[in-house]
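Got your viewer ready? Load the model shown here and follow along, one selection at a time.

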Amino acid sequence: MVERSMIAEKDKWDLTNIFKSVEEWKKCVDEITGALKDFEAFRGKLSEPKGLSKCLELKYELDRKVKLVLLYSSLKSDEDTRIGENQALRGQFMQLMAMYNAAISFIDPELIEIGEDLMKLATEDGLEIYKQYFDDILRGKKHTLDADKEELLAKMSEITSSASNIFGMINNADMVFEDVIDKDGNKHKLTHSSAAVHLKSEDRILRESANTNMLKEYEVRKNTIGQSFIENLKKDRILANIRNYNSSIEMKLSEDNIPLDVYTNLLDTIEANRESLYRLTDIRKKVLEVDELYTYDIMVSLVKDSDSDINYEDAVKTVLESLKPLGEEYCKKAKEGFESRWVDVYENIGKRSGAYSFSVPGVHPYILMNFNDSIHDMFTLTHEMGHAMHSYFTHQTQPQVYSSYTIFLAEIASTVNEAFLYEHLMATTTDPKNRVYLLNERIDNFRNTLFRQVSFAEFEKRAHELAQKGAVTREALNEIFLEINRKEYGPNMKFPENSELGWSRIPHFYRSFYVYQYATGFCASVALVEKIKNEGQLALDAYLNMLKGGSSKYSIDLLKEAGVDLTTKAPIEAAMKNFASLVDELEQELSKI
Ligand SMILES: [Zn+2]
């Protein structure tokens, strides 16, 4: 790996488009800090149209600046995490953020206090654009308590993430995994990140060893982890009760105004369509030539050494070619992004690992990559460009108040891009081995983003239901988890010792009712791709409008207008049909090699 200074400018992102220098960044921080006291003048005056309009104007002007400050400090510190000076920028931002939040904290409670009259205010000059924002605030009224009770809750909020923090310490700091052993008897280190590598290995002894040693450590800590998760369930139950919700799930889904039907439809539809998944288990068993298929056999690729090389320039060309079905406007902007240094392409010493896209209004999107010349990386690249394009369209179209989209919509544009890259590669690849590789990647996408997350979502639902009844125990959680997993993989999958503890490894469970959105987003993207392919321009325009919508309407409505109604089973059924045809195709291609 090289030092950052050795990488060509054209392959690094251009932060001068945010601030010319760290000095300018600091100047902006001072400006914001200085302006915060101006909010005081509006306290208690928000029921007057003029005061309200001026206050919100200030709020969103500063919100824009705060986000630019955040963007710059984050990207700067990710370039080389060894540089203390850049890390310090992040610390300064956190301070600024706390001050900003404190300064604006009176606004929402005061608006809730105004109540229904808010909608009248929304008809006044300069306030029309806030109609959706006000509606969203009023939605919470029923669940907002008296000011003194809210203050008490706010004081308690510091400990609402205790369970999650404790789990984080056990999981990241305390756990030490026994070394794993490969087929030649060599030892390898086992960590959370190396586990994923070992489980993809063609060496079955190594895979089994990784799985065994990983779960063994969770077995040792089963009482502590079990209790920390149960405490987390309790916290949600208590909060839901205090805030007048019928259940934890209702409380969490209402944050983005998602109807409960969306959740239950997802679970029910997958429940009724499991044959293709079971077929996949059988195919895998045959291809790997094993007597029994175990859960540690599901991550290894069905074709050997097939992830052929592709350099960055060719990957960009291929991605742009694949995006053509998304129309000229989309492709032109994506091309411009690649050419004008939105992307930080290669690894360097100290650079943050992984990949992400980060965008705020007022400047173009940014993408962090660690591009390593593989097909897999090309998929990551188009995925992140999807996020970037979603942000770009939203920021071009929406005022600051609606300039961010919800998590519920966040993984749609990224997976739509991936689907089109997959389609493009399949259309231009004839070699059966390479086709199996691509099919396997796509099927893994379905497995990881849809089926796995639905299993997790069902586990969460049942765990919270048990907590609601006061009947949750560690043993009950184990039993549910194993039962759900057996349903996911079918009768021909074998579960090694301690598999029932799998749930205790998942940090996401501390963000209750979060993971189902991976699954709904993925189904929506499959449905949207079908629509764009079959219905052409109208469907495409509707899709682009959703990308331009930000949070100007509720997510579920933005999606409906794009032609996907997640309160019905149709989009999930469409995804299942698509999956079944992938499994068919996999079977056919495998017979050719
Ligand atoms: Zn993503």
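**Stop one: the zinc site**

Start at the zinc ion: its site is irregular, with angles of 53 to 140 degrees among the 4 donor atoms. Keep in mind that you're looking at a predicted model. Now show the side chains around the metal: H383 (NE2), H387 (NE2) and E411, which gives two OE donors, coordinate the zinc ion at 2.1 to 2.5 Å. Along the sequence, these donor residues follow the spacing H-x3-H-x23-E. Select H383 and E411 together: H383 sits in helix 17, while E411 is in the loop between helix 18 (407-410) and helix 19 (412-428), so the pair ties together parts that are 28 residues apart in sequence.

Is each of these two buried or exposed, or something in between? H383 is buried, at 15% relative accessible area. E411 counts as partly exposed, at 23% relative accessibility.

**Stop two: helix 17**

Next, select residues 375-397, which make up helix 17. Of its 23 residues, 19 are buried, so helix 17 is largely enclosed by the rest of the structure. Try a distance between its end C-alpha atoms: they are 33 Å apart, which agrees with the span expected at 1.5 Å a residue.

**Stop three: the rings**

Now show the aromatic side chains. How many aromatic pairs does the structure hold? There are 31. Pick F19 and Y72 from among the rings: their centres are 5.5 Å apart and their planes lie at 85 degrees, so this pair is edge-to-face. F19 comes from the segment before helix 1 (22-35) and Y72 from helix 2 (residues 49-79), so they tie together parts 53 residues apart in sequence. Both are buried.

Then jump to Y263 and Y516. Here the ring centres are 4.9 Å apart with planes at 50 degrees, so the pair is tilted. Y263 belongs to helix 13 (residues 260-271) and Y516 to helix 22 (residues 516-535), so this pair links parts 253 residues apart in sequence. Y263 is buried at 0% relative accessible area, and Y516 is buried at 2%.

Before leaving the rings, select F167, F229, F456, F459, F481, W503, F509 and Y510: ring pairs link them into a cluster.

**Last stops: N86 and two cysteines**

Select N86, in helix 3 (residues 84-104). N86 is buried, with 8% relative accessible area. Leaving aside residues up to four places away in sequence, N86 touches S73, K76 and S77.

Finally, colour the cysteines. The disulfide count is 0. Among the cysteines, C331 is buried at 14% relative accessible area, and C523 is buried at 0%.

Methods
Residues are numbered from 1 along each chain as its sequence is written. This is a predicted model: local features need pLDDT of at least 70, side-chain atom pairs count only at pLDDT 80 or more; totals for chains, interfaces and linings use all residues. Side-chain values use heavy atoms; hydrogens and water are left out. Helices (H or I, at least four residues) and strands (E, at least two) are DSSP runs, numbered from the N terminus. Buried means under 20% relative accessible area, exposed over 50%, partly exposed in between (1.4 Å probe, protein chains only). Contact means heavy atoms within 4.5 Å. Donors are N, O and S atoms within 2.8 Å of the metal (3.2 Å for Na, K and Ca); water is not among the atoms, so sites may look incomplete. Four donors count as tetrahedral if all angles lie between 85 and 135 degrees; four count as square planar and six as octahedral if opposite donors are over 155 degrees apart and all others between 65 and 115; anything else is irregular. The expected span of a helix is 1.5 Å times one less than its number of residues. A disulfide is a pair of cysteine sulfur atoms within 2.5 Å. Rings of Phe, Tyr and Trp (its six-membered ring) pair if their centres lie within 6.5 Å; planes under 30 degrees apart count as stacked, over 60 as edge-to-face and the rest as tilted.
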